[in-house]
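Thanks for making time this morning; I would like to take you through one model. Please bring up the sequence and the structure together.

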Amino acid sequence: MADKRDYYEVLGVDKNASADDLKKAYRQMAKKYHPDLHPGDKTAEAQFKEVNEAYEVLSDDQKRAAYDRYGHDMGAGGFGGAGGAGFGGTGGFGGFDMGDIFDSFFGGGQSRQARRGGPQPGSDLRYDMTITFQEAAFGVKKQISITRLETCEACSGSGAKKGSQVKTCPTCHGTGQVRTVQNTILGQMATSRVCDACRGEGTIISQPCEACGGQGRVRKTRKIDINIPAGIDDGQIMTLRGQGEHGKKGGAKGDLLIYITVRPHKLFTRQGNNLYCEVAVPYSKAVLGGEIEIPTLDGMQKHTLAEGTQPGAVVRLRGKGMPSVNNQNVKGDLFATISINVPKRLSLRQKELLRAYDEAMGEERKSLWERLRDTLGGK
Ligand SMILES: [Zn+2]
Ligand SMILES: [Zn+2]
């Protein structure tokens, strides 16, 4: 502990340095001593650790205050051996984003470029399907035809011709990446690139499979049976697991997504599992009451209208709505709004009767009015 250098000295800043100054100084020092630039250099590694430790303490206001007051003595106990923990190359440490440093080193994180060679999952496929309202209500079986990439049967997806072999790429030794060391103004820099020889696959095929051209997958057109469940609604998506494109090199199969559009119905509109419609009845029927027919998905259903039914009255038929797509035994209701059918043409006799009716109503209205006037005390 005694020979520990002052943290400010380590970072080359003075005691009044701002947080920005500290960060700037730290980044410079971290670059200078970064282990990637000094492979195997124990002194540089120790200095890098020292820089880290100094920054971890000074970048934390509380720790910095304690350090300013007590120095390293307090630090050893109080900071829990800051910077003592190992940091394996590119891992994060001391709360500092290592990517930040790598970006400035390598101009955009090439070092972290993922290997392309391994298994890759197949893509999902989308199929748009339009069905009728009736089909949505009762469910329907459909057969569709799709074209997708499938694992090549001739080479079982390896991409290599039968008898030939898939070899580990000699250039990158199967890693898919090559590491180069360059001399720059910052010193020696190690960078990783995708291997040109195998395009990052890590393997080389001497004789590509003729059926798939070495791709390991071929385009196939397939007929697929789809059971569309009763109750499906407009805008819903059915997922057929594993019916999408096959993966590369044994990667998982993608899904087939069926986007459902339901054509509107002439009579019914749907909200949730309930159905709504309008039923126009003759005026006389609304007044006198009687049997009417209400359309349902299963056909016309008889219903007895109460005497004096008003326009806008709603008749609810329980269980005559749409089935739930999740449970066919659960069904919504049907709501029929009653409207009055006003005839445009009447026969002479019908008109006579209606006038007679109107007169009778007029007398009733008059007597009503007289009664009302008497009640109000008028003359
Ligand atoms: Zn093949
Ligand atoms: Zn290679």
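I will begin with the conventions, then the whole chain, and then the metal site.

This is a predicted model, in which local features need pLDDT of at least 70 and side-chain atom pairs count only at pLDDT 80 or more, while totals for chains, interfaces and linings use all residues. Residues are numbered from 1 along each chain as its sequence is written, chains are lettered from A and ligands numbered from 1 in the order in which they are written, and side-chain values use heavy atoms, with hydrogens and water left out.

The chain has 8 helices and 15 strands, taken as DSSP runs numbered from the N terminus, helices being H or I of at least four residues and strands E of at least two. Of its 379 residues, 34% count as buried, meaning under 20% relative accessible area with a 1.4 Å probe, protein chains only.

Now to the zinc ion (ligand 2), whose protein donors are the SG atoms of C169, C172, C195 and C198, at 2.2 to 2.3 Å; donors here are N, O and S atoms within 2.8 Å of the metal (3.2 Å for Na, K and Ca), and because water is not among the atoms, sites may look incomplete. The 4 donor atoms subtend angles of 104 to 114° around the zinc ion (ligand 2), so the arrangement is tetrahedral, a label given to four donors if all angles lie between 85 and 135 degrees. Along the chain, the donors follow the spacing C-x2-C-x22-C-x2-C. C172 sits in the loop between strand 3 (166-168) and strand 4 (177-184), and C198, 26 residues apart from it, in the loop between strand 5 (187-194) and strand 6 (203-205), so that the pair links distant parts of the chain. Both C172 and C198 are buried.

Note on methods. Four donors count as tetrahedral if all angles lie between 85 and 135 degrees; four count as square planar and six as octahedral if opposite donors are over 155 degrees apart and all others between 65 and 115; anything else is irregular. Buried means under 20% relative accessible area, exposed over 50%, partly exposed in between (1.4 Å probe, protein chains only).
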